[in-house]
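Student: I would like to learn how to read a fold feature by feature, starting from the coordinates. Could you take me through one example?

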Amino acid sequence: MTRQDILSHLPYAKPFLFVDELLEINENGAKGTYTFDPELDFYKGHFKDNPVTPGVILTETMAQTGLVCLGIYLSGSAEGGLPGHVMLTSIAIDFMKPVFPGEKIVVEAEKVYFRFKKLNVNVRMLNAAGEVVCKGNISGMVTQRMNT
């Protein structure tokens, strides 16, 4: 399964797609980039006159690369069939620096385990200066159908 195949299987579309490029993916992890478009609607009110990317969006961005892309890759490879869906089950994220409109970030994810359909990854987000802006652990269930 190629990086482009994985991106084409993501269940998101703009404005809720937070992966521009998948740089690396293998059985141990994933690495991708995203540039936060200054025109995204949430910047209009978070925060007024000083827009900052909401933490929930930073978490979603890390989950899309680190959990969903990796889950699609692992389920497609492991079962030799169609890639599965990935549903978030738990998060623990620490935030260190703000991310502003127009910033390009890199998400790095390292698989902790993938067993019994549960994927657990350590993730971190870096800004263009290579500084960690947030990091933590995310888990999810990988299923073949959305309702299971």
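Tutor: Let us begin with a single residue: at 0% relative accessibility, Cys 134 counts as buried. Please keep in mind throughout that this is a predicted model.

Student: How many disulfides does the structure hold?

Tutor: The structure holds 0 disulfides. Cys 69 is in no disulfide, and the nearest cysteine sulfur, which belongs to Cys 134, is 16 Å away.

Student: Why is Cys 134 without a bond to Cys 69?

Tutor: The general idea is to check the distance between the sulfur atoms, since a disulfide requires them to be within 2.5 Å. Here the sulfur of Cys 134 has its closest cysteine sulfur in Cys 69, and because the two are 16 Å apart, they are too far from each other for a bond. Cys 69 is also buried, with a relative accessible area of 0%.

Student: Let us move to the sheet. In what order do the strands lie?

Tutor: One reads a sheet from the pairing of its strands rather than from their order in sequence. In this model 6 strands form an open sheet with antiparallel pairing, in the order S1-S2-S4-S5-S6-S3. Its edges are strand S1 (21-26) and strand S3 (85-95), each of which pairs on one side only. On average, and ignoring direction, neighbouring strands of this sheet are turned by 20° against each other.

Student: Which residues can I use to trace the pairing of S3 with S6?

Tutor: S3 and strand S6 (residues 132-143) run antiparallel and are joined by 10 bridges. You can follow the register through single pairs: His 85 has Thr 143 as its bridge partner in S6, and Leu 88 has Gly 140 as its partner in that strand.

Student: What connects S5 to S6?

Tutor: S5 and S6 form a hairpin with 5 residues between them, and Gly 130 in the turn has a positive phi of about 85°. These two strands run antiparallel and are joined by 9 bridges, with Val 123 having Gly 136 as its bridge partner in S6. A second hairpin is made by S1 and S2, with 2 residues between them; these strands also run antiparallel, joined by 5 bridges, and Leu 22 stands opposite Gly 32 in S2.

Student: Where do the side chains of a strand point?

Tutor: In a regular strand the side chains alternate between the two faces of the sheet. For particular residues, it is useful to look at the contacts. Ser 139 lies in strand S6 and counts as buried at 2% relative accessibility. Leaving aside neighbours within four places in sequence, Ser 139 is in contact with several residues, including Leu 67, Met 87 and Leu 119.

Student: Which residues touch the most other members of the largest nonpolar core?

Tutor: A core can be read by asking which members have many partners and which elements supply them. The largest nonpolar core has 37 residues, and those touching the most other members are Ile 25, Phe 36, Met 62, Leu 70, Met 125 and Ile 138. Among the elements that give two or more residues to this core are helix H1 (3-8), helix H2 (55-79) and strand S4 (104-115), while the largest share, 11 residues, comes from H2. Beyond four places in sequence, Ile 25 is in contact with Arg 3, Ile 6, Ala 30, Cys 69, Leu 70 and Tyr 73.

Student: Is Thr 59 buried or exposed?

Tutor: Thr 59, which lies in helix H2, counts as buried at 9% relative accessibility. Not counting residues up to four places away in sequence, Thr 59 touches Ile 91, Ile 93, Phe 95 and Ile 138.

Student: Finally, how many salt bridges does the structure hold?

Tutor: The structure holds 4 salt bridges, and for each one it helps to ask where the partners sit in the chain. The side chains of Lys 31 and Glu 108 meet at 3.9 Å, N to O, and this pair links strand S2 with strand S4 across 77 residues. Lys 31 is partly exposed at 23% relative accessibility, and Glu 108 is partly exposed at 22%. Lys 31, Glu 108 and Arg 124 are linked in a network of salt bridges.

Student: What does the salt bridge between Glu 131 and Lys 97 tie together?

Tutor: These side chains meet at 4.0 Å, N to O. Glu 131 lies in the loop between S5 and S6 and Lys 97 in the loop between S3 and S4, so the pair ties together parts that are 34 residues apart in sequence.

Conventions: Residues numbered from 1 in each chain as written. Predicted model: local features only at pLDDT ≥ 70, side-chain atom pairs only at ≥ 80, totals over all residues. Heavy atoms only, no water. Pairing = 2+ DSSP bridges. Helix = DSSP H or I, 4+ residues; strand = E, 2+ residues; numbered from the N terminus. Axes fitted to C-alpha atoms, helices over the stretch in contact; angles between N-to-C directions. Core = buried A, V, L, I, M, F, W, Y, C linked by side-chain atoms within 4.5 Å. Buried < 20%, exposed > 50% of the residue type's maximum accessible area, 1.4 Å probe, protein only. Contact = heavy atoms within 4.5 Å.
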